[in-house]
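Trainee: I have a structure open and would like to learn how to read its features one at a time. Where should we start?

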Amino acid sequence: MNYKVAVVGAGPGGAVLARELAARGIDVTIYEKSIYGELGHDWSDAVEFGALKEAGLEMPVLEGRQWKGSLVKTAPDGGGIFEKHAVPILRIYSPGKKTYREIEFKMITTDRRRLAQELVRQAGRAGAKIKYLHEGRGLLYREKGRADLEGVEVYGVVVRDLENEEDIEIRADLVVESSGFSAVLRGSLPGYSGLAEPFQDSDFALVHREVRPYRPELEDGAIGEGGMARLIPDHYRYGYQSGYQWTHIHNEERIDVGAGVKRDSKSEDPRDIIEAFIAEHPAIKAPMIRGGRSLCIVGRPLSNFVAPGFLVLGDAASTSVPTTGCGVGSAIYAALGAAEVVCEAALENRNDLRKLWDVNKKFYLESDRGPSLAALSELRIVLQTLSSNEIDLLFEKGLLDAATLQQAINGHFSPLPAAGKARALLAGFSVPGILVKLNRAVTSAAKIYDHYLEYPSSWDAGAFTKWESRARSLQMKGRD
Ligand SMILES: Cc1cc2nc3c(=O)[nH]c(=O)nc-3n(C[C@H](O)[C@H](O)[C@H](O)COP(=O)(O)OP(=O)(O)OC[C@H]3O[C@@H](n4cnc5c(N)ncnc54)[C@H](O)[C@@H]3O)c2cc1C
């Protein structure tokens with residue numbers, strides 16, 4: 001096919017899209033600023049099992065608390081993508097650890113470096129070209145004299161060859177931004193496109209995680225903080241310090257310990273949070289093996305992912321689950337959906353807005369993901385204004401029950417049960433301000449969810465402007 005696609009960024013979004021396009025005969029090149037050996041992160045993450053399966057990986061099966069399959073690591077540093085220990089049930093502690101719920105956890109602990117490398121290898125095998133040490137710097141576009149999304153047409157990208165220190169202009173029918181939350185390309189578009197707006201500090205969490213040696217035999221089982229036994233179950237301590245803290249066991253010898261907080265100078269450093277946790281647990285005191293820290297996007301997804309000749313995917317479009325920061329699953333689902341649209345566009349030799357709009361349609365109208373992420377984003381903002389004590393209260397009163405937490409942590413939102421529950425509780429006892437606040441947020445999240453079900457099914461400038469302004473006003477109401 002005489003249709004050329006330039007993908008910027010070889011994360012899970014970019015690699016899966018490139019693989020799918022190349023497999024259907026489209027000329028696709030990935031430009032990645034890093035090198036193969038440094039793709040992904042040097043730790044293991046909880047990644048949506050369903051998304052990895054959709055992406056075609058040979059997924060393991062559960063045997064007791066262990067995964068069995070060809071991609072499961074046989075030794076801590078051996079080959080494989082998935083850690084051996086499974087977490088089918090995750091314990092969710094209240095911030096003060098006074099109580100907990102148990103939820104079905106639909107994730108698998110995945111070595112991010114190995115996953116990134118495997119997906120890029122698959123893209124290469126399918127025929128995608130990969131240029132490492134090539135950094136996307138800005139878009140090539142022409143303006144067409146109207147101040148809306150149709151007023152620009154992207155026809156290429158400026159890429160810096162980092163070895164030769166040279167800028168190259170790459171022409172393409174479609175440029176895909178999958179460069180993660182730095183989102184450098186869309187920022188180069190004119191403001192009226194609606195795609196140039198940078199993320200705000202409040203769209204980020206700061207996350208620190210470490211893989212450490214795990215020696216459970218050193219735990220004494222004594223009673224620790226809040227009366228909990230000092231064992232280390234796989235858990236999240238949800239709502240702690242405006243974020244959450246967790247452990248996930250990898251295998252008999254290793255455990256992942258981490259924490260994420262609101263990006264704010266007033267927040268405690270997540271590293272100090274996990275240091276405090278480690279200090280309580282002899283089993284995990286030995287020095288860290290690998291790990292790191294970074295910002296993590298937890299904001300509202302972009303309300304539009306496309307412009308003529310241009311598409312944004314994954315963290316660059318803020319599609320992570322706002323209540324956890326897990327974004328690999330969304331990036332993969334978005335890439336698979338976009339691949340179908342781009343293949344059709346290539347067959348018809350089109351890159352116009354009307355055609356590419358189907359990417360939005362898939363995310364917002366044909367799947368529960370888009371509306372859920374938008375609604376969860378509202379809940380996240382309100383939950384982060386609450387103190388640990390207030391969130392403890394929500395656990396106690398049953399507002400943060402297992403069903404609600406299971407949905408939020410797995411990236412889903414159900415408007416009716418959430419709104420109904422908040423109302424029922426409000427009617428039941430004298431109302432502390434915190435419940436009023438939460439009720440307003442839940443009601444607004446439910447309205448936002450419903451509003452996304454009315455997302456414009458085809459590109460229409462007037463209809464989209466109207467839809468977007470209503471979406472913004474619902475968001476403002478929930479935060480008052
Ligand atoms: C500390 C931390 C913990 C996380 N934990 C989880 C978790 O447990 N589960 C989960 O699902 N998600 C987790 N995430 C989020 C997850 O990493 C992202 O949501 C996911 O990787 C997004 O995929 P992506 O393809 O959009 O972008 P990325 O994976 O960010 O990939 C972007 C790629 O683009 C490259 N790039 C960047 N700028 C340019 C440029 N200008 N030119 C060329 N290349 C460029 C980068 O080098 C990178 O390879 C975590 C993130 C962090 C930081």
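Mentor: Start with the ligand. The ligand is surrounded by 35 residues, and the closest are Glu32, Ala46, Arg112, Gly136 and Asp315. Keep in mind that this is a predicted model.

Trainee: Which atom of the ligand does a polar side-chain atom of Glu32 approach?

Mentor: An oxygen atom of the ligand lies 2.7 Å from a polar atom of the Glu32 side chain. Backbone atoms take part as well. A backbone N or O atom of Gly136 is 2.8 Å from a nitrogen atom of the ligand, and a polar backbone atom of Gly325 is 3.5 Å from a ligand nitrogen atom.

Trainee: Next, helix packing. At what angle do the axes of helix 8 and helix 11 cross?

Mentor: Angles of 65 to 115 degrees count as roughly perpendicular. The axes of helix 8 (residues 388-396) and helix 11 (residues 433-452) cross at roughly 75 degrees and come within 11 Å. Helix 8 is therefore roughly perpendicular to helix 11.

Trainee: Which residues meet there?

Mentor: Helix 8 contributes Glu390, Leu393 and Leu394, and helix 11 contributes Ile434, Leu435 and Leu438. By class, the residues of this contact are 5 nonpolar, no polar and 1 charged.

Trainee: Which residues of helix 9 are buried?

Mentor: In helix 9 (residues 402-410), the buried residues are Leu405, Ala408, Ile409 and Asn410. To read burial, also look at what the buried residues pack against. Here the partners are helix 7 (369-383), helix 8, and four strands: strand 6 (89-93), strand 7 (100-104), strand 8 (107-111) and strand 15 (235-240). Gly411 follows helix 9 and has a positive phi, near 85 degrees.

Trainee: Which residues other than glycine have a positive phi?

Mentor: Two examples are Lys97, with phi near 55 degrees, and Asn349, with phi of about 55 degrees. Lys97 sits in the loop between strand 6 and strand 7. Asn349 is in the loop between helix 5 (328-347) and helix 6 (353-365).

Trainee: Is each of them buried or exposed?

Mentor: Under 20% relative accessible area means buried, and over 50% means exposed. Lys97 has a relative accessibility of 7%, so Lys97 counts as buried. Asn349 has a relative accessible area of 53%, so Asn349 is exposed.

Trainee: How is a value between those cut-offs read, for instance that of Asp264?

Mentor: Asp264 counts as partly exposed because its relative accessibility is 28%. Asp264 lies in the loop between strand 17 (254-262) and helix 4 (270-279). A polar atom of the Asp264 side chain is 2.9 Å from the backbone nitrogen of Lys266. For distance along the chain against distance in space, take Asp264 and Thr319: they are 55 residues apart in sequence, and their C-alpha atoms are separated by 21 Å.

Trainee: What does the side chain of Thr247 contact?

Mentor: Begin with location and burial, then list the partners. Thr247 is in strand 16 (residues 243-249), and its relative accessibility is 0%, so Thr247 counts as buried. A polar atom of the Thr247 side chain lies 3.0 Å from the backbone oxygen of Pro233. The Thr247 side chain also makes a polar contact with the side chain of His235, at 3.0 Å. Leaving out residues up to four places away in sequence, Thr247 touches Ile232, Pro233, Asp234, His235, Ile255, Asp256, Val257 and Phe277.

Conventions. Residues are numbered from 1 along each chain as its sequence is written. This is a predicted model: local features need pLDDT of at least 70, side-chain atom pairs count only at pLDDT 80 or more; totals for chains, interfaces and linings use all residues. Side-chain values use heavy atoms; hydrogens and water are left out. Axes are lines fitted to C-alpha atoms, for helices over the stretch in contact, and angles run from 0 to 180 degrees between N-to-C directions. Helices (H or I, at least four residues) and strands (E, at least two) are DSSP runs, numbered from the N terminus. Angles under 35 degrees count as roughly parallel, over 145 as roughly antiparallel, 65 to 115 as roughly perpendicular and the rest as oblique. Contact means heavy atoms within 4.5 Å. Ala, Val, Leu, Ile, Met, Phe, Trp, Tyr, Cys and Pro count as nonpolar, Asp, Glu, Lys and Arg as charged, and the others, Gly among them, as polar. Buried means under 20% relative accessible area, exposed over 50%, partly exposed in between (1.4 Å probe, protein chains only). A polar contact is a pair of N or O atoms within 3.5 Å; within protein, one must be able to donate a hydrogen and the other to accept it, and residues adjacent in sequence count only if both atoms are side-chain atoms. A residue is near a molecule or strand if one of its heavy atoms lies within 4 Å of it.
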